[in-house]
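Visitor: I should like to understand the terms used for a structure such as this one. May we look at it together?

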Amino acid sequence: MAADQDHEQEQRRRLLAVASRFPLPNGARFSYGTAGFRADGATMASAVCRAALLAALRSVKLAGAAVGIVITASHNPVRDNGVKIADPDGGMMDQCWEPFADTLANAPDPDALLQLVLQFAKDEGIPLGRGGHHTAQVLLGRDTRPTGEYLLDAALQGINAIVGARAIDMGILTTPQLHWMVRSKNKGIKASESDYFTQLIDSFRRLLELVPKDKGGDDLSKKLIVDGANGIGGVKLEQIKAELSGLNIIVRNSGKEGEGILNHMCGADFVQKERVTPHGFSPDDIGVRCASLDGDADRLVYFHVSSASNNSVALVDGDKILSLFALFIREQLDIISDNGGQANKPLPSRLGIVQTAYANGASTKFLKSLGLEVVFTPTGVKYLHKKALEYDIGIYFEANGHGTVLFSEDFIAQLESLSNELCSRADTVSAQYQAAMRLMAASQLINQAVGDALSGFLLVEAILQYKGWSFQNWCELYSDLPSRQLKVKVIDRTAIITTDAETKVSQPSGLQELIDMEIANYAHGRCFVRPSGTEDVVRVYAEASTQEAADSLAKSVACHVESLLG
Ligand code: G16
């Protein structure tokens with residue numbers, strides 16, 4: 001009894017102490033956005049500390065399962081920093097804790113923070129103040145930003161503010177690596193960085209071994225230049241590229257000291273939005289397949305340097321990566337159920353595609369023409385991932401290159417039993433067996449916790465070799481409708497409220513009518529606006545039948561946003 005009281009006192013003391021050490025900066029107001037908290041790195045210590053404290057609380061609540069936090073501002077400029085929280089399954093933190101994350105981050109003083117935590121723990125039935133053994137564990141990762149180390153200290157102190165919580169610093173990592181480690185640790189499988197690399201390298205090799213002998217490709221088709229955004233993705237790729245047999249990888253903007261600034265004139269966000277070659281690429285690269293990662297390597301786009309003199313690129317965005325994955329998976333499922341014409345129990349496989357309003361209309365039309373089920377969610381992998389989990393195989397991608405393929409455990413079990421059965425019949429050369437093995441290898445390769453540029457590009461490369469496709473073949477799957485994305489600075493972006501997976505504005509009143517009026521002036525016009533959850537801007541997206549029309553539609557809607565809210 002006395003010991004319990006001591007622990008309780010100790011818990012209160014620690015919470016008050018950490019809140020005094022990391023006070024809310026004057027005038028600051030943090031908001032849990034699309035992927036956690038983000039702001040200028042120099043102002044983030046209190047938010048990171050409190051997010052880490054929350055991660056420890058979440059681990060206590062979930063019976064000590066490992067929870068993760070990554071210190072990163074992903075695609076944002078190098079001066080920014082932020083924090084993403086990973087749940088025990090490796091996915092983004094359950095949205096039902098976001099309101100508490102917001103309140104905690106904005107607690108004005110130590111006493112308010114203490115009361116908030118105690119009340120929340122009571123409401124949620126979280127047993128606080130248990131000493132003597134580890135009741136919580138939080139895995140920490142960070143990207144290469146200069147403020148990373150200082151924010152790591154804030155995070156460690158946040159975790160240590162919960163009695164019994166243990167912080168495990170996993171070092172400098174890509175965001176998807178940390179999510180993968182959290183998931184693996186909770187599944188009781190090996191979870192180190194070298195285990196992650198081994199899984200990638202082995203499953204990629206297995207997929208290449210299953211490429212039909214008449215496919216594959218020549219030396220040029222094996223060459224890939226990767227723009228690492230001067231971030232952590234390039235660093236990690238340099239570490240493993242020699243082991244990726246079957247590929248000749250050159251890394252530019254690799255994150256080496258002095259090579260360039262993180263995300264500046266390079267990286268997936270830059271290439272996808274500006275559609276020009278990133279820093280370090282030139283007409284000498286014409287004809288070579290190129291890929292771009294973002295600052296924390298959870299986004300991936302592909303491009304070709306175009307022969308035009310304006311630095312433009314032929315872009316393959318997340319929609320076309322998704323389409324390639326969908327085609328490949330559909331094909332393997334068809335091979336399995338066809339079974340060379342012999343009757344066979346088809347695998348129960350509900351294949352679902354998840355997109356957002358940013359998906360190019362041509363991609364959705366293409367996917368539907370394959371007979372696939374396509375559904376939409378608001379922006380943010382936290383929404384897409386959750387939706388994709390409803391399927392046996394759920395493929396989700398945002399146009400910006402964030403996405404993955406999720407395989408349900410039931411489906412994997414069915415595949416395993418099918419391949420065991422075929423093996424026992426010594427039927428390992430059959431098309432059916434090979435298709436089952438390809439799906440198994442793909443499920444090992446592609447990150448099951450979150451979108452991962454490194455595992456994503458390896459799956460792309462394996463599929464291109466399997467199909468014997470050039471970049472051009474891939475591009476020609478369908479033609480994108482011309483589109484334009486703009487950012488508008490307004491006084492308060494939260495004044496915009498959207499519905500219908502962000503395709504309509506419900507507030508401020510009158511704005512949707514203005515947008516509709518503009519859309520009506522353009523053939524195949526489509527346009528929507530939404531407040532960003534990672535930058536202090538309103539985003540405007542427009543599509544139309546010509547580039548000039550898409551530009552003009554986006555511009556006129558941006559003007560309406562500016563005059564109503566600017
Ligand atoms: C984050 C999210 C993505 C989202 C992007 C842009 O990406 O993880 O799902 O698409 O922000 O969000 P918004 O338009 O709200 O600014 P990242 O790569 O920055 O972590």
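Visitor: Which residues of helix H3 are buried?

Guide: In helix H3, which spans residues 98-105, the buried residues are Glu98, Phe100, Ala101, Leu104 and Ala105. Buried means under 20% relative accessible area, exposed over 50%, and partly exposed in between, with a 1.4 Å probe and protein chains only. Helices (H or I, at least four residues) and strands (E, at least two) are DSSP runs, numbered from the N terminus.

Visitor: What puts these residues on the same side of H3?

Guide: They cover an arc of only 160° around the axis, and therefore they lie on the same side of H3. The arc is that of the directions from the helix axis to the C-beta atoms. The buried residues of H3 pack against strand E1 (37-40) and helices H2 (45-61), H4 (110-124) and H12 (381-388); contact means heavy atoms within 4.5 Å.

Visitor: How should the model itself be read?

Guide: It is a predicted model, in which local features need pLDDT of at least 70, side-chain atom pairs count only at pLDDT 80 or more, and totals for chains, interfaces and linings use all residues. Residues are numbered from 1 along each chain as its sequence is written, and side-chain values use heavy atoms, with hydrogens and water left out.

Visitor: Why is aspartate 294 called buried?

Guide: Its relative accessibility is 1%, and the limit for buried is under 20%, so aspartate 294 counts as buried. Aspartate 294 is placed in the loop between strand E8 (289-293) and strand E9 (300-305). Leaving aside residues up to four places away in sequence, aspartate 294 touches Ser74, His75, Gly228, Ala229, Asn263, Ala268 and Arg299.

Visitor: Why does asparagine 263 count as buried?

Guide: Asparagine 263 has 13% relative accessibility and therefore counts as buried. Its phi is near 60°, a positive value in a residue other than glycine. Asparagine 263 is found in the loop between strand E7 (248-252) and helix H9 (268-274).

Visitor: What makes the pair formed by the ligand and lysine 84 a polar contact?

Guide: A polar contact is a pair of N or O atoms within 3.5 Å; within protein, one must be able to donate a hydrogen and the other to accept it, and residues adjacent in sequence count only if both atoms are side-chain atoms. An oxygen atom of the ligand is 2.7 Å from an N or O atom in the side chain of lysine 84, so the pair meets the limit of 3.5 Å. For arginine 299, the distance from a side-chain N or O atom to an oxygen atom of the ligand is 2.9 Å.
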